[in-house]
Amino acid sequence: MSSNTKGRTTPRVVCCAIPIARSANKVLLITSRKRPNSWVLPKGGWEASDGVLEAAASREALEEAGVRGKITRFVTTIPTASSTYHFFELDVETLDPEWLESKERRREWLDYSEAIGRLQWKSELAQGLSLCSLAPRR
């Protein structure tokens, strides 16, 4: 068993939301709780009560960023040694002024190039964002 699976024999299933404001062409990032000066996408572990993976991504976006909206697209799955990340685009309809983790996180709307720069420290998040519909087409 590898040392970074935190005692699990199978990788953790992590669902990530990519919150997008379509009209502005912006993505919402939030600060990490463990590293308050680092930025992340809303994400968290899938729970059986979520049912489908999309529901977990949507729940995490609400808990971590106060985002309400609709999951519109599956982006990709990225396996790492400790986790399997599933990315979904979420078209943002509203932002709650107060949310579950609002005392612990900041959130900011960014254009794609700024967002991808802020995610470079966590390669799987940068990779997931690079495959979303906001990314420039190569």
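Colleague: Which residues of α3 are buried?
Modeller: This is a predicted model. Helix α3 covers residues 123-130, and 6 of its 8 residues are buried, so the helix is largely enclosed by the rest of the structure. The buried residues of α3 are E124, L125, A126, G128, L129 and S130.

Colleague: Is C16 buried or exposed, and what is its relative accessible area?
Modeller: C16 has its place in strand β1, residues 12-21. Buried means a relative accessible area under 20%. C16 is therefore buried, with a relative accessible area of 0%.

Colleague: Which residues does C16 touch, leaving out those up to four places away in sequence?
Modeller: A contact here means heavy atoms within 4.5 Å. One residue touched by C16 is L125, which is also among the buried residues of α3. With sequence neighbours up to four places away not counted, C16 touches P42, K43, A57, Y85, H86, F87, F88 and L125.

Colleague: What separates the C-alpha atoms of C16 and E54?
Modeller: C16 sits in strand β1. E54 is 38 residues from C16 along the chain. Their C-alpha atoms are separated by 8.8 Å.

Colleague: How many disulfides does a search of the whole structure find?
Modeller: A disulfide needs two cysteine sulfur atoms within 2.5 Å. The search of the whole structure finds 0 disulfides. For C15, which is in no disulfide, the nearest cysteine sulfur is that of C16, 7.4 Å away. For C132, also in no disulfide, the nearest is again that of C16, 12 Å away, and the count of disulfides is 0.

Colleague: What is the relative accessibility of C132?
Modeller: The limit for a buried residue is under 20% relative accessible area. C15 is buried, with a relative accessible area of 0%. C132 also counts as buried, and its relative accessibility is 0%.

Colleague: Which residue in β6 is the bridge partner of T77?
Modeller: Strand β5 (residues 67-79) and strand β6 (residues 83-95) run antiparallel and are joined by 11 bridges. The two strands form a hairpin with 3 residues between them. The bridge partner of T77 in β6 is H86.

Colleague: At what angle are the ring planes of Y85 and F87?
Modeller: There are 2 aromatic pairs in the count. In the pair of Y85 and F87, the ring centres are 6.3 Å apart. Both Y85 and F87 are buried. The pair is stacked because the planes are at 25°, and the limit for stacking is under 30 degrees; the angle is 25°.

Colleague: Which residues does D96 touch, not counting those up to four places away in sequence?
Modeller: D96 lies in the loop between β6 and β7. At 16% relative accessibility, D96 counts as buried. With the sequence neighbours left out, D96 touches L62, G66, R68 and R107.

Colleague: How many residues apart are R33 and E104, and where do they lie?
Modeller: The side chains of R33 and E104 meet in a salt bridge, 3.0 Å from N to O. This pair links distant parts of the chain, with R33 in the loop between β2 and β3 and E104 in the loop between β6 and β7. R33 is partly exposed at 45% relative accessible area, and E104 is partly exposed at 42%. R33 and E104 are 71 residues apart.

Colleague: Over which ring does the charged end of R118 sit?
Modeller: R118 and E108 meet in a salt bridge, 3.2 Å from N to O. E108 lies in strand β7 and R118 in helix α2, so the pair ties together parts that are 10 residues apart in sequence. The charged end of R118 is 4.7 Å from the centre of the ring it sits over, that of W39.

Colleague: Which residue lies in helix α2 with R118, 4 residues apart?
Modeller: R118 forms a salt bridge in which the closest N and O atoms are 3.0 Å apart. The partner is about one turn of the helix away and is partly exposed, with a relative accessible area of 36%. That residue is E114.

Colleague: Which residues do salt bridges that share partners join into one network?
Modeller: The count comes to 16 salt bridges. One of them is the pair of R33 and E104. Salt bridges that share partners join into one network R33, E64, E101, E104 and R105.

Note on methods:
Residues are numbered from 1 along each chain as its sequence is written. This is a predicted model: local features need pLDDT of at least 70, side-chain atom pairs count only at pLDDT 80 or more; totals for chains, interfaces and linings use all residues. Side-chain values use heavy atoms; hydrogens and water are left out. Two strands pair if DSSP finds at least two bridges between them. Buried means under 20% relative accessible area, exposed over 50%, partly exposed in between (1.4 Å probe, protein chains only). Rings of Phe, Tyr and Trp (its six-membered ring) pair if their centres lie within 6.5 Å; planes under 30 degrees apart count as stacked, over 60 as edge-to-face and the rest as tilted. A charge sits over a ring if NZ of Lys or CZ of Arg is within 6 Å of the ring centre and within 35 degrees of the ring normal. A salt bridge is a side-chain nitrogen of Lys or Arg within 4 Å of a carboxyl oxygen of Asp or Glu.
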